[in-house]
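Me: I have this protein open and I'd like a close look at a single part of it. Could you walk me through the last two helices and whatever sits around them?

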Amino acid sequence: MDSLINILYLIRNLIVGIVRLMYLLEQLQLTLQKLFPRRQTQASYQSTPPRPKSGQKWSRSYLNDPKNRQLQQDLIAMLRGDIGTAKRLLWHERQRHPGNSDNWYLEKVIGDLERDRR
């Protein structure tokens, strides 16, 4: 009977220890999130497409065309997730060659990157 009580007491202490450990891990996670906020990921970038600046118009295909989505994913993959660089490259091509379609700009940037990496 005494050994059963000791076992139950040991199990109770083990559960209390696990609960305390879980609390400490949650506190550590919150602290790390404050110190190192998450960067914008590819998925969050695609769920909220960028908006054009005032006076700038983008075609509907930029937001809806499945080919455009695939080209966006390919470009971001080539840049290893660097969305800022992708935006800058696309902006630069829009400045150099105004009036083309959004798919054309994406294909141009991807083609230039592939050519430069050969």
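Reply: Here is a walk through that end of the chain, one helix at a time and then the contacts between them.

A word on the source before we start: this is a predicted model, so everything below is computed from predicted coordinates. As for the overall setting, the protein has six helices and zero strands, and read along the sequence the pattern is α-α-α-α-α-α. Of its 118 residues, 21% count as buried. Among the contacts with a separation of 6 or more, 56% are between residues 24 or more positions apart.

Let's begin with α5. Its 14 residues should span 20 Å at 1.5 Å a residue, and the end C-alpha atoms are 20 Å apart, so the expected and actual spans agree. The buried residues of this helix are Ile-83, Thr-85, Ala-86, Leu-90, Glu-93 and Arg-94. You'll notice that Glu-93 and Arg-94 are in that buried set, so keep an eye on Glu-93 for later.

Now for α6, which covers residues 102-117. With 16 residues at 1.5 Å each, the helix should span 22 Å; the end C-alpha atoms come out 23 Å apart, which agrees. Its buried residues are Asp-102, Asn-103, Tyr-105, Leu-106, Val-109, Ile-110, Asp-112 and Leu-113.

How do α5 and α6 sit against each other? They pack at an angle of about 115 degrees, with axes 10 Å apart. Angles of 65 to 115 degrees count as roughly perpendicular, and that is therefore how this pair is classed. The crossing of α5 past α6 is right-handed.

If you want to click through the residues where the two helices meet, pick Leu-89, Leu-90, Glu-93 and Arg-94 on the α5 side. On the α6 side, pick Asp-102, Tyr-105, Leu-106, Lys-108, Val-109, Asp-112 and Leu-113.

Back to Glu-93, then. This residue lies in α5 and has a relative accessible area of 5%; buried means under 20%, so Glu-93 counts as buried. Leaving aside neighbours within four places in sequence, Glu-93 is in contact with Tyr-105, Lys-108, Val-109 and Asp-112. Those four partners are also on the α6 side of the meeting between the two helices.

Tyr-105 has another partner worth a look. A search of the whole structure finds one aromatic pair. That pair is Trp-104 with Tyr-105, arranged edge-to-face, with 5.5 Å centre to centre and 80 degrees between the planes. Are the two members buried or exposed? Tyr-105 is buried at 3% relative accessibility, while Trp-104 is partly exposed at 31%.

Next, the loop that leads into α5. This loop runs between α4 (66-78) and α5 (83-96), and Arg-80 is found in it. Leu-79 is in the loop between α4 and α5 as well. Leu-79 is buried, with a relative accessible area of 13%, whereas Arg-80 is exposed, at 80%.

Arg-80 also has a backbone detail to check: its phi is near 55 degrees, a positive value in a residue other than glycine. Most residues other than glycine have a negative phi.

Leu-79, for its part, touches both helices. Leaving aside neighbours within four places in sequence, it is in contact with Thr-85, Ala-86, Leu-89, Leu-113 and Arg-117. Thr-85 and Ala-86 are among the buried residues of α5, and Leu-113 is one of those in α6. Leu-79 and Leu-113 are 34 residues apart in sequence, yet 9.1 Å apart in space, C-alpha to C-alpha.

Finally, α4 itself comes into the picture at two positions. Ile-76 lies in that helix and is buried, with a relative accessible area of 3%. Its C-alpha is 9.6 Å from that of Ile-110, 34 residues away along the chain, and Ile-110 is among the buried residues of α6. Gln-72 is also in α4, and counts as buried at 6% relative accessibility. Gln-72 and Asn-103 are 31 residues apart in sequence and 9.1 Å apart in space, C-alpha to C-alpha. Asn-103 is another buried residue of α6.

To pull it together: α5 and α6 are roughly perpendicular to each other, Glu-93 of α5 is in contact with residues including Tyr-105, and Leu-79 in the preceding loop is in contact with residues including Ala-86 and Leu-113.

How values were computed. Residues are numbered from 1 along each chain as its sequence is written. This is a predicted model: local features need pLDDT of at least 70, side-chain atom pairs count only at pLDDT 80 or more; totals for chains, interfaces and linings use all residues. Side-chain values use heavy atoms; hydrogens and water are left out. Buried means under 20% relative accessible area, exposed over 50%, partly exposed in between (1.4 Å probe, protein chains only). Rings of Phe, Tyr and Trp (its six-membered ring) pair if their centres lie within 6.5 Å; planes under 30 degrees apart count as stacked, over 60 as edge-to-face and the rest as tilted. The expected span of a helix is 1.5 Å times one less than its number of residues. Axes are lines fitted to C-alpha atoms, for helices over the stretch in contact, and angles run from 0 to 180 degrees between N-to-C directions. Angles under 35 degrees count as roughly parallel, over 145 as roughly antiparallel, 65 to 115 as roughly perpendicular and the rest as oblique. A crossing is left-handed if the near helix is turned anticlockwise from the far one by less than a right angle, and right-handed if clockwise. Contact means heavy atoms within 4.5 Å.
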